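Colleague: I'd like to go through this model and ask how you back up each label. Can you pull it up?

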There are 2 protein chains.
Amino acid sequence: MLNERSLAVHQDCSDCPIRHRAVCARCETDELQRLEEIKYYRRYEAGSHVIWSGDRMDFVGSVVSGIATLTQTMEDGRTQMVGLLLPSDFVGRPGRDTAAYDVVATTDIVMCCFRKKPFEDMMVRTPHIAQRLLEMTLDELDAAREWMLVLGRKTAREKIASLLSIIARRDATLNMRGTEGQIVFDLPLTREAMADYLGLTLETVSRQISALRKDGVIELEGKRHVTIPDMGRLMEEAGDDADGGLLI
Amino acid sequence: MLNERSLAVHQDCSDCPIRHRAVCARCETDELQRLEEIKYYRRYEAGSHVIWSGDRMDFVGSVVSGIATLTQTMEDGRTQMVGLLLPSDFVGRPGRDTAAYDVVATTDIVMCCFRKKPFEDMMVRTPHIAQRLLEMTLDELDAAREWMLVLGRKTAREKIASLLSIIARRDATLNMRGTEGQIVFDLPLTREAMADYLGLTLETVSRQISALRKDGVIELEGKRHVTIPDMGRLMEEAGDDADGGLLI
DNA sequence: CCTCGCTGTTGATCTGCGTCAATGTTTTCC
DNA sequence: GGAAAACATTGACGCAGATCAACAGCGAGG
């Protein structure tokens, strides 16, 4: 997951969000060089599977551009999104070789990949990489736990407000804007994808978005273009205290 | 979180579940020795707070005996448990110094602690520690994501069955028993704590447990002593395919 | 022994969200 | 331009689980 903290590190590595430049800033140059040598890029179309749950994973990598989702599905088709992958987010798990989740491209995406074996070898030789990955994984764990509160205890309206507030802040951070004044962004998800993230149905998502619009918490132009006139108000609606907030 | 995999590693270090012996099996003896030197133990009574969310954390460590919970609370009092800490589970976060969650002792517990600074120093000098922590954190992340599916998409009955199935398997693993034949264990949680874990009310928890008992999925002696006559049946009720299953 | 507090159970009722269904809007593709 | 498909909105209705309430069991402490 992306958050303000990891993003700050990401700034100096805009072309390849694995953030290995940041990771290796303290390493010897030849380690950095070796990392450069084993990397390659992959492109996926909107709607296509990047990874199927249960499949063998022979690479790790990160999103360069576009948006992907991490989802779990039960046998009867019930689906829960467990992560939203934005540019710079890491995918894959050193030390495990089957994927636990489906990764689906929501938009066209570009991934920066490393074959798993060489990457793992590099991890052993370059301690900072393991430390950096640990830091990133702990951030993701925090985000997942924050989301457990959303899923377990919030109302539909609060869930929608939480999601909007996360996307708004993320978007503001990505584009180097603050969260002062009004915030404008495009929703990167369909109503159904939002429902899968929030543990709701798409109808409920639609209804609650309409309600928030009617109440002036958000403004909508078309289906996806959102304006948040007052971020504080939105966060109140989300049930968050105004400054703490979600890390996702 | 504990799972079969981390527990296997834990076997050779029963007195101090930080698992540093396992962590350091490949390290020089003097690193292991140094880790021994900075460790100390703490004892907490049932019901007491080990850590308050937002407080400064000056140590990391792990549970030696007893059970603790990791919870988040909203301003209006709604509570969500985001983790269950059993013997050998790790607490704390190298690289961050305020706690994000409340840690509460459910039973009397003993923790094995390391002051954070020396532990972090050791991490820098001993790459295997960071790698081992990364592995453990990734396991926890998987568990958190599995739990997101439970919270977001399962019915009350399935939630209860999921929780029982996790506790049953955990208990079986801790006591070195298999999950063949019938499984017997004591619930380590009150109905309220179970509700907080599952995103339900305690009344619903109580009702669903009664229903599962009436249907022969579980047997109850008193309030806490549970017998699972058929683990496969329970996992069906949980909505899991019979072998995959939760990692928590 | 009795009382108090804590935990758990069960019933009655209410309500938020899911389900089913109809319809509108936008995009795609011939 | 028109048809079809994908995405979104809105309404009517039902139900799973929340809420409110009463009560039972049990250990602790006077």
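Colleague: What makes α8(A) the main contributor to the surface near DNA strand D?

Modeller: A residue gets onto that surface if one of its heavy atoms lies within 4 Å of the strand. α8(A) supplies 5 such residues, the most of any contributor. Bear in mind that this is a predicted model. α8 of chain A and α8 of chain B each supply at least two residues there.

Colleague: Which residues come nearest to DNA strand D?

Modeller: Of the 17 residues around DNA strand D, the nearest are A:R191, A:S206, A:S210, B:A156 and B:T204. On the DNA side, sugar and phosphate make up 64% of the atoms of DNA strand D that come within 4 Å of the protein.

Colleague: How do you know that A:S210 makes a polar contact with DNA strand D?

Modeller: The cut-off is 3.5 Å between N or O atoms. A polar side-chain atom of A:S210 sits 2.8 Å from a phosphate oxygen of DNA strand D, so the pair qualifies. B:A156 gets there with a polar backbone atom, 2.8 Å from a phosphate oxygen of DNA strand D. A:R207 goes for a base instead: a polar atom of its side chain is 2.8 Å from a base nitrogen of DNA strand D.

Colleague: And what about DNA strand C: which side chains have an N or O atom by a phosphate oxygen there?

Modeller: Among them are A:T201 at 3.1 Å, A:T204 at 2.3 Å and B:S206 at 2.8 Å. Each value falls within 3.5 Å, so these count as polar contacts. For DNA strand C, the largest share of the surface, 5 residues, comes from α8(B). By class, that surface has 3 nonpolar, 7 polar and 7 charged residues.

Colleague: Now the protein copies. Why say that they are related as by a two-fold rotation axis?

Modeller: Chain B lands on chain A with an RMSD of 0.0 Å after a turn of 180 degrees and a shift of 0.0 Å along the axis. The two copies are thus related as by a two-fold rotation axis.

Colleague: How do you know that the copies meet through the same surface?

Modeller: Of the interface residues of chain B, 100% are also interface residues in chain A, so it is the same surface on both copies.

Colleague: Why is the sheet with the order β2-β7-β4-β5 in chain B called open?

Modeller: Its 4 strands pair in the antiparallel sense. β2 (49–51) and β5 (79–85) of chain B are the edges: each has a single partner strand, so one side of each has no neighbour in the sheet. From one strand to the next, the twist averages 35 degrees.

Colleague: What makes β4 and β7 of chain B a pair?

Modeller: At least two bridges are needed, and β4 (68–73) and β7 (102–105) of chain B have 4, in the antiparallel sense. One of the partnerships joins B:T71 to B:D102 in β7(B). Helix α5 (127–153) of chain A packs on this sheet, touching β4 and β5 of chain B.

Colleague: Which strands are at the edges of the sheet β9-β11-β10 in chain B?

Modeller: β9 (183–186) and β10 (219–221) of chain B, each pairing on one side only. Neighbouring strands of this sheet are turned by 20 degrees against each other on average, direction ignored. β10(B) and β11 (225–228) of chain B run antiparallel with 3 bridges, and B:E219 has B:T227 as its bridge partner in β11(B).

Conventions:
Residues are numbered from 1 along each chain as its sequence is written. Chains are lettered from A and ligands numbered from 1 in the order in which they are written. This is a predicted model: local features need pLDDT of at least 70, side-chain atom pairs count only at pLDDT 80 or more; totals for chains, interfaces and linings use all residues. Side-chain values use heavy atoms; hydrogens and water are left out. Axes are lines fitted to C-alpha atoms, for helices over the stretch in contact, and angles run from 0 to 180 degrees between N-to-C directions. Contact means heavy atoms within 4.5 Å. Copies are superposed by least squares on the C-alpha atoms of residues with pLDDT of at least 70 in both. A polar contact is a pair of N or O atoms within 3.5 Å; within protein, one must be able to donate a hydrogen and the other to accept it, and residues adjacent in sequence count only if both atoms are side-chain atoms. Ala, Val, Leu, Ile, Met, Phe, Trp, Tyr, Cys and Pro count as nonpolar, Asp, Glu, Lys and Arg as charged, and the others, Gly among them, as polar.
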